[in-house]
Amino acid sequence: MSNYSYPLLCTRGAIIFPLQDLSVEVGRSTSISSVNYAKTNNTGIVIVSQKDLTVDYPKPEDIYEYGTVCHIKEIRERDDHLKVVFSGMCRCLIKKHYTINEINFVEVEELLDTVDSNSSIEESLKIALSEFNMIAKKFARPGFIPKQSNYNPTMASVLVDTFAQLYVQGIENKQEFLEEPNINNRLSMMLDYIDKERSMQKIEDELNEKVKESIEDGQRDYYLREKLKAIRSELNGDDGGSDIDDLKEKLENNPYPENIKQKAREEFKHYEMLPPSTGETGVIRAYLEWLLNVPWWQKSEDNEDLEAASRILDEDHYGLEKVKERILEYLAVKQMTNSLKSPIICLVGPPGVGKTSLAKSVARALNRNFVKISLGGVRDEAEIRGHRRTYLGSMPGRIIQGMKKAQVINPVFLIDEIDKMAADYKGDPSSAMLEVLDPEQNSMFSDHYLEEPYDLSDVLFIATANYRDNIPPALLDRLEIIELSSYTEIEKLNIAKRHLIPKQMEANGLKDKQFSITDENILYLIRHYTREAGVRQLERTIGSLCRKSVLSIIKEKKKSVRVSKKLINEWLGHEIFEYGTKEKKNEIGVVTGLAYTSFGGDILPVEVNYFEGKGNLVVTGKLGEVMVESTKIALDYIKANASKFNIPTEFFDKHDIHIHVPEGAVPKDGPSAGVTITTALVSAITKRPVKKDLAMTGEVTLRGNVLPIGGLKEKSLAAHRSGIKTICIPKENVKDLDDIPEQVKKEVVYIPCTKVDQVINEALL
């Protein structure tokens with residue numbers, strides 16, 4: 001038999017039989033090209049179904065080998081697709097695939113119907129015709145009326161193909177009918193299919209009957225339970241359903257959202273259908289209690305008095321001006337617009353700087369309820385989204401638990417330690433937090449336990465973290481970061497006087513005149529008994545002094561205690577920490593650098609010496625990798641510019657140089673010691689002393705450029721505390737001088753530098 005070539009159209013499960021019409025929506029570009037080619041050239045088109053309907057661009061192995069040669073009857077154009085009516089002509093077997101001008105073609109062998117020799121199909125055809133008409137009547141469709149009275153193979157072929165097109169379900173089943181060219185076999189397949197469907201229908205009817213009987217039994221049980229409840233009520237007994245009745249009354253008497261009311265009514269209905277002794281009743285009751293006790297409409301009124309809010313924030317916290325200003329901005333915009341999607345603020349700073357207490361102050365300033373959850377160590381996504389009710393002991397996630405505790409839909413919600421979440425095989429909780437902290441998504445927050453969307457858009461979320469780098473990047477993108485740096489000594493002094501001392505005096509029962517301590521002694525405590533970014537250790541130290549004062553008052557019959565330096569040493573022991581001090585005289589090869597640590601600022605002397613050797617460089621002081629690199633850069637810069645500093649070129653070949661940073665047991669790292677090391681090297685080699693009351697900070701490059709550094713505020717306070725009068729800083733850090741306290745700027749001179757030569761000229765005598 002001859003082979004013919006036609007354009008190919010792959011369908012997602014649409015199978016066409018000969019002499020049958022079918023409307024197909026054509027959307028893929030390759031399919032549209034095939035249809036347009038067939039229409040333009042007035043040719044047939046081969047329609048074949050793909051095996052996997054999810055494949056977007058099927059290959060030859062993804063489609064069946066048997067299809068149908070069709071012609072196009074009608075094309076209707078839509079916005080992005082075509083609606084085409086195809087009419088089947090004959091079965092075909094695909095022999096070859098090929099592509100021309102990005103149009104898929106196939107070479108096919110057209111298949112003709114066959115009939116078994118010496119066989120009569122009349123009897124089978126009559127039965128099949130009767131069955132077809134019965135099915136058509138059942139589905140209210142036109143039956144099959146033969147155009148001629150004799151029962152011949154042509155009629156049988158049309159009948160079976162019509163049946164397969166209209167009533168056979170499933171791609172595989174339809175494909176079996178299409179791939180069978182023998183009419184006798186197709187008739188047998190049709191009758192077998194009808195018998196199988198009839199058996200399945202019988203089984204389904206039996207199941208329906210059993211379900212009906214079960215429902216009737218359930219209704220009978222419900223009727224008897226209701227009757228028993230009424231009898232108990234008449235006898236003044238407990239009907240056992242008071243808690244459910246209370247929940248029903250709560251549902252109907254309060255303005256719950258309509259979807260919540262509908263959900264609760266369905267659960268009540270389910271509950272009443274169950275026998276009281278089954279465990280599922282407890283599960284449903286617990287779910288209903290959660291569903292109805294979570295706030296859905298309850299709301300507190302915001303305090304819109306900006307002056308009162310500002311006063312409350314100042315009362316509770318000293319300093320932190322940027323944070324306070326951000327909260328007042330939020331209030332002002334809310335007043336102006338009457339609606340505002342709550343921003344997600346994230347306070348980032350070291351422990352003890354007041355992140356949690358600041359969030360409480362924000363709640364007090366806004367007159368909102370306050371609720372807090374901690375995410376430290378959370379590894380399971382279900383901790384955020386809740387567990388599905390199919391699990392034993394399931395409950396909502398921490399967000400919904402917090403909202404229930406808050407009792408309003410607009411609390412201040414503190415999410416503590418957001419940088420300490422972790423992920424394991426149970427899921428990634430940070431992914432679940434994305435929906436919580438995204439103002440564009442959290443109006444439809446999905447908790448697995450509640451099963452109904454919950455609106456978090458009125459919540460003012462405040463997150464806290466110790467380290468910005470540990471916050472997952474996707475979460476960081478949704479947060480408004482506000483940095484809280486470590487407190488300065490002046491800030492710690494004011495915090496102690498305004499908050500810590502009154503708090504500890506009240507906690508230990510001391511009255512105003514029974515305990516006193518001067519500012520000088522508070523600073524002594526801060527400098528020598530604490531080393532921290534925040535004030536937690538300071539508060540504990542003050543608490544210890546208060547307790548010892550109470551013991552002294554009671555035991556020694558004193559009226560009051562005035563804390564002195566001597567008393568501090570007696571009660572708390574010898575000084576625990578010692579901050580660096582400036583040099584007492586101008587030294588050669590010793591330069592005062594500035595360091596920034598998690599506990600604040602400190603001075604960092606750098607010592608350089610040299611001796612006869614072979615040009616080796618020795619670095620000590622437990623320096624980190626970056627700081628060691630700074631020593632190499634500094635030495636190489638001096639070597640490259642030896643003539644500028646009047647240093648003989650052969651000096652470096654005949655001497656070993658030793659660079660040391662004292663306190664060798666303390667790890668040190670960072671690039672900002674570059675200018676300090678360079679200056680110390682020049683001083684030691686040229687024998688020029690360094691000014692004792694000058695300090696410096698900055699990163700140096702091989703070309704002698706001075707690059708900017710961080711922590712200028714903390715470094716300046718450390719220098720001021722040590723008696724330093726002049727600080728050389730990178731010129732690009734001049735903008736950071738706005739953050740320096742005025743008292744420090746009055747007593748310290750800042751010299752901006754762009755080249756290390758400027759620093760050397762200022763520092764060396």
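F132 is buried, with a relative accessible area of 1%. In this predicted model, F132 belongs to helix α2, which covers residues 122–138. A separation of 43 residues in sequence lies between F132 and Q175, and their C-alpha atoms are 20 Å apart in space.

Let me set beside that a second pair. E249 sits in helix α6, residues 242–252. E249 has a relative accessible area of 49% and is partly exposed. Its partner in this pair is I171: the two are 78 residues apart in sequence, and from C-alpha to C-alpha they are 53 Å apart.

I turn now to the chain as a whole. What radius of gyration does the chain have, and what would a compact globule of 765 residues have? The chain has 43 Å, whereas the globule would be near 27 Å. Along the principal axes, the C-alpha atoms fill a box of roughly 130 × 95 × 50 Å. Of the 765 residues in the chain, 45% are buried. The secondary structure comprises 25 helices and 26 strands.

Next, two helices and their burial. Helix α20 runs over residues 625–640, which is 16 residues. From its first C-alpha to its last it reaches 23 Å, close to the 22 Å expected at 1.5 Å a residue. Which residues of α20 are buried? They are M627, S630, T631, A634, L635, Y637 and I638. Viewed down the axis of α20, these buried residues fall within an arc of 160 degrees, so they line one face of the helix. On the face turned away from that buried side, α20 carries the exposed residues E625 and A640.

Helix α23, residues 712–721, presents another case. Nine of its 10 residues are buried, so α23 is largely enclosed by the rest of the structure. The buried residues of α23 are L712, K713, E714, K715, S716, L717, A718, A719 and R721. The list thus includes charged residue types by name, among them K713, E714, K715 and R721. After α23 comes G723, and the phi of G723 is positive, near 90 degrees.

That brings me to backbone angles in residues other than glycine. E417 has a positive phi, near 55 degrees, and is a residue other than glycine. Where is E417 found? E417 is in the loop between β9, residues 412–416, and α14, residues 429–437. With 27% relative accessibility, E417 counts as partly exposed. K622 is likewise a residue other than glycine with a positive phi, and its value is near 55 degrees. K622 is placed in the loop between β19, residues 617–620, and α20, the helix whose buried residues line one face.

Finally, the surface. Which residues make the nonpolar surface patch of about 300 Å²? The patch is made by M200, I203 and L207. L207 lies in helix α5, which spans residues 183–234. The relative accessible area of L207 is 48%, and L207 is therefore partly exposed.

To close, I return to three points. The radius of gyration of the chain is 43 Å, against a value near 27 Å for a compact globule of 765 residues. Helix α20 has its buried residues within an arc of 160 degrees, while α23 has nine of its 10 residues buried. E417 and K622 each have a positive phi near 55 degrees.

Note on methods
Residues are numbered from 1 along each chain as its sequence is written. This is a predicted model: local features need pLDDT of at least 70, side-chain atom pairs count only at pLDDT 80 or more; totals for chains, interfaces and linings use all residues. Side-chain values use heavy atoms; hydrogens and water are left out. Helices (H or I, at least four residues) and strands (E, at least two) are DSSP runs, numbered from the N terminus. The expected span of a helix is 1.5 Å times one less than its number of residues. Buried means under 20% relative accessible area, exposed over 50%, partly exposed in between (1.4 Å probe, protein chains only). The arc is that of the directions from the helix axis to the C-beta atoms. Patches are made of residues with over 30% relative accessible area and no salt bridge: like charges are joined within 9 Å, nonpolar side chains (Val, Leu, Ile, Met, Phe, Trp, Tyr) within 5 Å. Accessible areas come from the Shrake-Rupley method with a 1.4 Å probe; for residues, only the protein chains shown count as cover. A salt bridge is a side-chain nitrogen of Lys or Arg within 4 Å of a carboxyl oxygen of Asp or Glu. The radius of gyration is taken over C-alpha atoms; the globule rule is 2.2 Å times the number of residues to the power 0.38.
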